[in-house]
Amino acid sequence: MAVLAIDTSAAVAVSLLDDDGALLAARAVDSTREHAERLAPMTREVLAEAGLGPADLGAVVVGTGPAPFTGLRAGLVTARVLARARSVPLHGVSSLDALAAGAGLAAGDEVTAVADARRKEVYAARYRVLDGGEVELVDGPHVDRPENLLRLAAGAVVVGRGALALPEVFPRAQGPETPDPAVLARLALARAARGEALPAEPLYLRRPDAVPAAGRKRVTG
């Protein structure tokens, strides 16, 4: 059975893997818009490239952020609908976990993943690399102005678009820029095999821009 992985925390990205973690097909569009419109066609394309259909899916994996509200929600909703339609497990993994693991560092190294949070802020978390390419959270995730999160970068390899866009703050930042859904899927497969719970709940870290209006105050005489 195949595993479909979706991440919309930075780009719009879809990967299809076999249940051993080998990549079968992938699509990515570097866009912060049209997540919902692009995900369905991209999913059909990766399945067609692999010569498979929706009935061949054995699990769906989704990046849970942190990320801005609208894009992240589109990925999560799409993943939930696909998993429910096929009656297969839905696994959630932090997008920062995938960003850190995608650096391909040696066991014992420490890596800080930094993503753009807009509003002149970044999302950041620090990890320790374990055997087999897994990562263990050391500190975070946080959302703050980048200069307030420099402690997370001290002595660590720094990766991610949020850091690469700020060379004056993170001068030695490197790729990957965005999470790879294939890495996301491999993390999920390894963790699910160990019996870990993988809830597909969004990690926003702050409230969305659009919030319900407060009720009117009663005017008394």
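1. Let's start with salt bridges. A salt bridge here is a side-chain nitrogen of Lys or Arg within 4 Å of a carboxyl oxygen of Asp or Glu. By that rule the count comes to 14. Keep in mind that this is a predicted model, where local features need pLDDT of at least 70, side-chain atom pairs count only at pLDDT 80 or more, and totals for chains, interfaces and linings use all residues. Residues are numbered from 1 along each chain as its sequence is written, and side-chain values use heavy atoms, with hydrogens and water left out.

2. One of these pairs is Asp30 with Arg161, whose closest N and O atoms are 3.0 Å apart. Asp30 sits in the loop between β3 and α1 (35-49) while Arg161 belongs to helix α5 (residues 161-164), so the pair ties together parts that are 131 residues apart in sequence. The helix and strand labels come from DSSP runs (helices are H or I with at least four residues, strands are E with at least two), numbered from the N terminus. As for accessibility, buried means under 20% relative accessible area, exposed means over 50%, and partly exposed is in between (1.4 Å probe, protein chains only). Asp30 counts as exposed because its relative accessibility is 57%, and Arg161, at 26%, counts as partly exposed.

3. Next up is Asp139 with Arg151, where the closest N and O atoms are 2.7 Å apart. Asp139 is in strand β8 and Arg151 in helix α4 (residues 150-153), so this salt bridge ties together parts twelve residues apart in sequence. Both partners are partly exposed: Asp139 has 26% relative accessibility, and Arg151 has 48%.

4. Glu196 forms a salt bridge with Arg194, with 2.8 Å between the closest N and O atoms. At 36% relative accessibility, Glu196 is partly exposed. Now look at how things link up: salt bridges that share partners join Asp97, Glu134, Arg191, Arg194 and Glu196 into one network.

5. Glu134 from that network deserves its own look. You'll find Glu134 in the loop between β7 (121-129) and β8 (135-144). Is Glu134 buried or exposed? Glu134 counts as buried because its relative accessibility is 8%. Its side chain makes a polar contact with the side chain of Arg191 at 2.8 Å. (A polar contact is a pair of N or O atoms within 3.5 Å; within protein, one must be able to donate a hydrogen and the other to accept it, and residues adjacent in sequence count only if both atoms are side-chain atoms.) Contact on its own means heavy atoms within 4.5 Å. Leaving aside neighbours within four places in sequence, Glu134 is in contact with residues including Arg128, Leu187 and Arg194.

6. Thr64 is another loop residue, this time between β4 and α2. Thr64 is buried, because its relative accessible area is 7%. The side chain of Thr64 reaches the backbone nitrogen of Ser94 at 3.4 Å. Setting aside neighbours within four places in sequence, Thr64 has contacts that include Leu72, Leu76, Pro199 and Leu203.

7. On to the sheets. One is an open sheet of five strands in the order β3-β2-β1-β4-β5, with mixed pairing. Two strands pair if DSSP finds at least two bridges between them. The edge strands, β3 (23-29) and β5 (90-93), each pair on one side only. From one strand to the next, the twist averages 15°; angles run from 0 to 180 degrees between N-to-C directions, using axes fitted to C-alpha atoms (for helices, over the stretch in contact). Helix α2 (residues 69-86) lies across β1, β4 and β5, at about 165° to β4.

8. Zoom in on β1. Five bridges join β1 (residues 2-7) to the parallel strand β4 (residues 57-63); the partner of Ala2 there is Leu57, and Val3 is matched with Ala59. Six bridges join β1 to β2 (residues 12-18), which run antiparallel, and a hairpin through four residues connects the two. Both faces of β1 are covered: Ala2, Leu4 and Ile6 on one side, and Val3, Ala5 and Asp7 on the other, are all buried.

9. There is also an open sheet of four strands, ordered β8-β7-β6-β9, again with mixed pairing. Its edge strands are β8 and β9 (157-159), and its twist averages 20° from one strand to the next. β7 and β8 pair in the antiparallel sense over seven bridges, with Val122 partnered by Asp144 in β8.
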